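Reader: Could you take one part of this model and look at it closely, setting it in its surroundings as you go? I would like the cut-off behind each term to be stated where the term is used.

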Amino acid sequence: MAKVLVLYYSSYGHIEQMAEAVAEGARGAGAEVDIRRVRETAPDEVVKSAGFKTDTAHPVLSDPNELANYDAIIVGSPTRFGRMSSQMAAFWDTAGGLWYKGALNGKVGAAFTSTATQHGGQETTLFSIITNLLHFGMVVVGLDYGYEGHTGVKEVHGTTPYGASTIADGDGSRQPSSVDLDGARYQGRRVAEVATKLVG
């Protein structure tokens with residue numbers, strides 16, 4: 001059985017919802033799954049004034065050395081001007097010791113994201129996460145075209161071949177759609193399947 005970590009940062013709950021869907025997909029493939037979030041680094045006054053969602057059941061992962069305990073790590077972050085959030089980047093910046101030891105070499109990695117607009121940087125944000133995962137020696141799994149939600153233009157959706165995604169709208173009012181969440185589940189399942197094969 002593969003052990004999978006879903007590691008995320010979420011300001012308004014969109015990525016948290018996607019993380020739960022990713023985890024559901026991975027569990028459906030028989031994996032043991034933990035969902036953890038990274039520490040909030042924004043000042044308290046910003047968190048309060050911006051209305052960040054702070055109530056969550058998922059504990060913070062503060063020690064990057066815990067990453068080595070997993071066969072797969074699926075990373076979720078909203079986009080911040082076309083790249084991963086500073087909160088997520090700050091976490092990975094503390095993991096240099098794992099890079100130095102090669103502790104994540106050969107493990108499976110994947111990325112998912114959310115943006116405010118339809119072309120607001122989903123793919124560049126996913127690539128910013130994927131770049132980190134590749135530097136840590138990980139085998140990257142995207143959201144392949146076995147997921148039928150990629151096709152069709154009748155509704156707005158955030159799916160990309162590089163990872164699951166959702167679109168929140170500028171005021172955060174749009175919640176992840178069934179297409180977005182099903183894409184996250186599909187990607188979680190694929191990651192767990194690949195990790196199980198590599199572990200076996």
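**A loop residue and its surroundings**

Author: Phe81 lies in the loop between β3 and α3 (86-93), where helices (H or I, at least four residues) and strands (E, at least two) are DSSP runs numbered from the N terminus. The model is a predicted one, in which local features need pLDDT of at least 70 and side-chain atom pairs count only at pLDDT 80 or more, while totals for chains, interfaces and linings use all residues. Residues are numbered from 1 along each chain as its sequence is written, and side-chain values use heavy atoms, with hydrogens and water left out.

The phi of Phe81 is near 60 degrees, a positive value in a residue other than glycine. Most residues other than glycine have a negative phi. With a relative accessible area of 85%, Phe81 is exposed (over 50%, against under 20% for buried and in between for partly exposed, with a 1.4 Å probe and protein chains only). Asp169, in the loop between β6 (164-167) and α6, also has a positive phi, near 75 degrees, but Asp169 is partly exposed, at 41%.

The strand before the Phe81 loop, β3 (72-78), is one of the elements that give two or more residues to the largest nonpolar core, together with β1 (3-8), α1, β2 (32-37), β4 (108-115) and α6. That core has 30 residues, and those with the most contacts inside it include Ile74 and Val191; a nonpolar core is a set of buried Ala, Val, Leu, Ile, Met, Phe, Trp, Tyr and Cys residues joined through side-chain atoms within 4.5 Å. Leaving aside neighbours within four places in sequence, Val191 is in contact (heavy atoms within 4.5 Å) with Ala72, Ile74, Val108, Ala110 and Val141. A second, separate core of 26 residues includes Met84, Trp92, Ala111 and Phe136.

Helix α6 (residues 178-199) also meets helix α1 (residues 14-28): their axes come within 6 Å and cross at roughly 45 degrees, the axes being lines fitted to C-alpha atoms over the stretch in contact and the angles running from 0 to 180 degrees between N-to-C directions. The two helices are therefore oblique to each other, since angles under 35 degrees count as roughly parallel, over 145 as roughly antiparallel, 65 to 115 as roughly perpendicular and the rest as oblique. Among the residues that meet, α1 supplies Met18, Ala21 and Val22, and α6 supplies Leu181, Ala184 and Ala192.
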